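Here's a relaxed walk through one structure, with an eye on how its pieces pack together. Have a look at it first, then read on.

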Amino acid sequence: LRFRGRNALLLVIIATMMVPTQLGVIPLYLLMTKLNWNDRLPAVIVPALVTGFGVFMMRQYAGQAVSDELIEAARVDGCGTARIWWNVVVPALRPAAAVLGLLTFMTTWNDFLWPYAVLNDPENPTVQLSLRALSDGYYQDMSQVFTGTALATLPLLLVFVLFGRQIIGGIMEGAVKA
């Protein structure tokens with residue numbers, strides 16, 4: 001959608017990408033405390049759902065994949081804004097959404113700092129916190145650590161196997177000029 005100030009809003013989003021993640025830990029922790037989400041998994045999941053990179057990537061892809069002529073043709077056919085979004089824009093953005101979903105999942109799955117800050121309950125660990133717990137202590141059983149690391153990569157491989165065709169199609173679509 002075209003609206004006044006969209007370029008300024010894009011600059012603000014890009015500016016958020018320049019701020020290191022570590023600077024946002026304390027304000028985000030205070031927000032999670034106010035929401036009473038400490039020691040709960042939503043505190044790890046919700047902040048990772050929307051990032052500046054994701055907004056920028058989807059905006060750039062949408063500008064390329066969804067032409068103005070396609071939207072105008074849908075309007076001439078009598079579609080409203082919601083129907084255009086659901087029947088025209090969403091199918092065109094599906095490859096980029098698959099790539100973004102995989103990148104977001106990998107980033108969140110491998111994150112250590114934020115879950116370490118917000119999850120203190122040993123009953124509720126993430127994979128990286130569990131791997132850290134395996135390597136703690138006076139004696140480290142390296143075979144246990146390596147086995148845990150190998151098991152931690154299995155969900156990433158499973159996601160890639162399940163959505164690989166969509167992801168490769170999204171990557172290749174952006175690489176080939178029309």
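## Where two helices meet

In this predicted model, Leu 70, Ile 71, Ala 74 and Arg 75 of α5 make contact with Thr 81, Ile 84 and Val 88 of α6. Sort the residues in that contact by class and you get five nonpolar, one polar and one charged.

How do the two helices sit against each other? Helix α5 covers residues 68-76 and helix α6 covers residues 81-109; their axes come within 10 Å and cross at roughly 125°. An angle between 115 and 145 degrees counts as oblique, so α5 and α6 are oblique to each other. The crossing of α5 past α6 is right-handed.

Now for the cores. In soluble globular proteins, nonpolar side chains tend to be buried together. Here are two such groups:

| Core | Residues in it | Some members |
|---|---|---|
| Largest nonpolar core | 14 residues | including Ile 84 and Leu 93 |
| Second, separate core | eight residues | including Val 25, Met 32, Ala 43 and Leu 119 |

Which residues have the most contacts inside the largest core? Those are Ile 84 and Leu 93. Helices α4 (52-65) and α6 each put in at least two residues of this core, and the largest share, eight residues, comes from α6.

Ile 84 is worth a second look, as it turns up in both parts of this tour: it belongs to the α6 side of the contact with α5, and it is part of the largest nonpolar core. Leaving out residues up to four places away in sequence, Ile 84 touches Ile 71, Ala 74, Arg 75, Cys 79 and Val 89.

Note on methods: Residues numbered from 1 in each chain as written. Predicted model: local features only at pLDDT ≥ 70, side-chain atom pairs only at ≥ 80, totals over all residues. Heavy atoms only, no water. Axes fitted to C-alpha atoms, helices over the stretch in contact; angles between N-to-C directions. Helix = DSSP H or I, 4+ residues; strand = E, 2+ residues; numbered from the N terminus. Parallel < 35°, antiparallel > 145°, perpendicular 65-115°, else oblique. Left-handed = near helix turned anticlockwise from the far one by under 90°. Contact = heavy atoms within 4.5 Å. Nonpolar A, V, L, I, M, F, W, Y, C, P; charged D, E, K, R; others polar. Core = buried A, V, L, I, M, F, W, Y, C linked by side-chain atoms within 4.5 Å. Buried < 20%, exposed > 50% of the residue type's maximum accessible area, 1.4 Å probe, protein only.
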